[in-house]
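Here are a few worked exercises to try on the model below. Have a go at each task before you read its solution.

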Amino acid sequence: MAGLEKDVNVRLDAAGPLEHMLADFPAGRRVRITGHQGGRMLRARLLAMGLNLGREVEVIQNNRGLIIVGINGGRVALGRGISQKILAELVVPLLTA
């Protein structure tokens, strides 16, 4: 049960939660996968698609049912249900001067 604690606790900052469901991010955002709310079969499916923890992906399309994310130059289509089980945080680009 040690792995389930992360699913219940959501990291917070002054502005609100840092982690959101992947389904909450609009198209054009770059996010980092931080966790999931599922069992070992979901984890195995995500790993098979290359969506492991710490991976940065770009949300290419987010409409009513389908989420398309860009990963390693390719695209992965996710249904609404699985994208609501993936936790992610927004990646803030570094400013170079």
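**Exercise 1.** Find what L51 touches, leaving out residues up to four places away in sequence.

*Solution.* Take contact as heavy atoms within 4.5 Å. With that cut-off, L51 touches I33, L46, V57, V69, I71 and L78. Before going on, note that this is a predicted model, where local features need pLDDT of at least 70, side-chain atom pairs count only at pLDDT 80 or more, and totals for chains, interfaces and linings use all residues. Numbering runs from 1 along each chain as its sequence is written, and side-chain values use heavy atoms, without hydrogens and water.

**Exercise 2.** Place L51 in the largest nonpolar core.

*Solution.* A nonpolar core is a set of buried (under 20% relative accessible area, 1.4 Å probe, protein chains only) Ala, Val, Leu, Ile, Met, Phe, Trp, Tyr and Cys residues joined through side-chain atoms within 4.5 Å. The largest one has 18 residues, and L51 is among those with the most contacts inside it, along with L22, V31, V57, V69 and L78. Next, who supplies it? β4, α2, β5, β6, β7 and β8 each give at least two residues, with the largest share, 3 residues, from β6. Helices (H or I, at least four residues) and strands (E, at least two) are DSSP runs.

**Exercise 3.** Is E19 buried or exposed?

*Solution.* Start with its location: strand β3, residues 19-21. E19 counts as buried because its relative accessibility is 5%. Its side chain makes a polar contact with that of T34 at 2.8 Å (N or O atoms within 3.5 Å, one able to donate a hydrogen and the other to accept it; residues adjacent in sequence count only if both atoms are side-chain atoms). Finally, look across: E19 stands opposite E89 in β8.

Key
Buried means under 20% relative accessible area, exposed over 50%, partly exposed in between (1.4 Å probe, protein chains only). Two strands pair if DSSP finds at least two bridges between them.
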